[in-house]
Amino acid sequence: PIGLGRAAFGEQCGGTRGMARTAGFRARTATRVALALLLAEVAPGLQHSAPTPSPPSPTPSPPSPLCPPPLFFFGVPGAGKSYVAQLAGRQLGYAFHDGDNWLPQSLLATLARGEGFTDKQRASYAREIAARMTAERRREACSHRQRPLAVAQAMFKPEHRDIIRAAHPDVLFVWVQSDSVATRLEARLGGVSAELGLTLATAFKAPEASEPAVSAVNNSASISDAALAEQVEELGAAAKAAALQNPKVDRRLCACAAIL
C-alpha cells in the first residue's frame, strides 16, 4: 500500500510469508501423520502373512504310451477265427473287427461266383486291411479307450501277412487251429460254404519257423471258452512285451486322427 512505510510494508509481507510457511508445515505434518497411521494399520498384516508362492512350472507331459498291439487271428476257413476274436472282445476288452467286412466289391463278386482270389487280389486286400486297421487304431485313440484290435481274417499267405506287418510292426498273428473245421463249415448259415471253404483251404500256407511274430491258439472242440480266453490273454501280454522292445513301432499309430 502507498501509505505504508518501508518498515511497515516489510513487516506486513514478512508476516504473510511466515503464515504461509506455517500453513505449509502443518499440511506436511498432517500428511506424515496420516501415512504413519496407515502404515501402522497395514504393517502388522504384512509382517505376519506368508508370501504367496508362485505357481509351479508345468511338468512336461510324459511320452505317449505304446499303442496296445493288435492281434490278427488267421487260418483256414472254419477254424474259428472270428469266434476267438469275438471272445477276446467280450472277455478281454479287445475291439473286434471281422476283416471280411472290409472286402471290396470286386472280391465279394469273386466269392459269389464260387472262385478263389488271385495273388494280386489278395495283396490289394491286405493293403486295404492294413489301412482299415490304422484308421481303427486312431479311432480308438480319439475315444480315449485305447482298446487293442482283434482282427479276424484268413490271410492265407506269408507275403500278404508281411503287408500287414509293414504297416503295423507290433501286430501279433495268431494262427487259430482246430480239429473241427469241417463241422464248423457245415454248421455255417452264411458266408463261405463248406465246399468253397475246403477249396480255399488248399491255398493256405502255414507259417514257417522263420516267419516273425506268429503264435497259435488251440481252438479244438474240447477247449473251453475260459481256457481259450486264457491263451489269448497270454498272447496279448507277450505281444505288448515284444512291442516295447521293437524299435520299428511308431507311436503315431496312437495319435488321434483328428490331430493328424
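## Strand pairing and the sheet

Two strands are said to pair if DSSP finds at least two bridges between them, and in this predicted model strands S2 and S3 meet that condition, because they pair in the parallel sense over 4 bridges. Two of the partnerships can be named: Ala-95 stands opposite Leu-149 in S3, while Asp-98 has Ala-152 in S3 as its bridge partner.

This pair belongs to an open sheet of 5 strands, whose order is S2-S3-S1-S4-S5 and whose pairing is parallel. S2 and S5 (214-218) are the edge strands, each of which pairs on one side only. On average, neighbouring strands of this sheet are turned by 25 degrees against each other, direction ignored.

## Helices against the sheet

Helix H2 packs on the sheet, where it touches S1, S2, S3, S4 and S5, and its direction makes about 165 degrees with that of S3. Helix H5 (residues 158-167) also packs on the sheet, touching S1, S4 and S5, and the angle between its direction and that of S4 is about 145 degrees.

## The two faces of S2

In a regular strand the side chains alternate between the two faces of the sheet. Strand S2 (residues 95-98) follows this alternation, since Ala-95 and His-97 point to one face and are buried, whereas Phe-96 and Asp-98 point to the other face and are not buried.

## The nonpolar core

In soluble globular proteins, nonpolar side chains tend to be buried together. Here the largest nonpolar core has 43 residues, and those with the most contacts inside it include Leu-71, Phe-72, Ile-129, Met-133 and Ile-164. Two or more residues of this core come from each of S1 (71-74), H2 (81-92), H4 (119-142), S3 (149-152), S4 (172-177) and H8 (225-244).

Met-133 shows how such a residue is surrounded: leaving aside its neighbours within four places in sequence, Met-133 is in contact with Pro-70, Phe-72, Trp-102, Leu-149, Val-151, Ile-164, His-168 and Val-171.

## Helix H4 and what follows

H4 has 24 residues and reaches 35 Å from its first C-alpha to its last, which is close to the 34 Å expected at 1.5 Å a residue. Just after H4, His-144 takes a positive phi of about 65 degrees.

## The chain as a whole

The protein chain has 8 helices and 5 strands, and from the N terminus on its elements run α-β-α-β-α-α-β-α-β-α-α-β-α. Of its 260 residues, 34% are buried. Among contacts with a separation of 6 or more, 80% involve residues 24 or more positions apart. The chain exposes about 15,800 Å², of which carbon and sulfur atoms supply 58%.

Methods:
Residues numbered from 1 in each chain as written. Predicted model: local features only at pLDDT ≥ 70, side-chain atom pairs only at ≥ 80, totals over all residues. Heavy atoms only, no water. Core = buried A, V, L, I, M, F, W, Y, C linked by side-chain atoms within 4.5 Å. Buried < 20%, exposed > 50% of the residue type's maximum accessible area, 1.4 Å probe, protein only. Contact = heavy atoms within 4.5 Å. Expected span 1.5 Å × (residues − 1). Areas by Shrake-Rupley, 256 points an atom, 1.4 Å probe, with all protein chains shown as cover. Axes fitted to C-alpha atoms, helices over the stretch in contact; angles between N-to-C directions.
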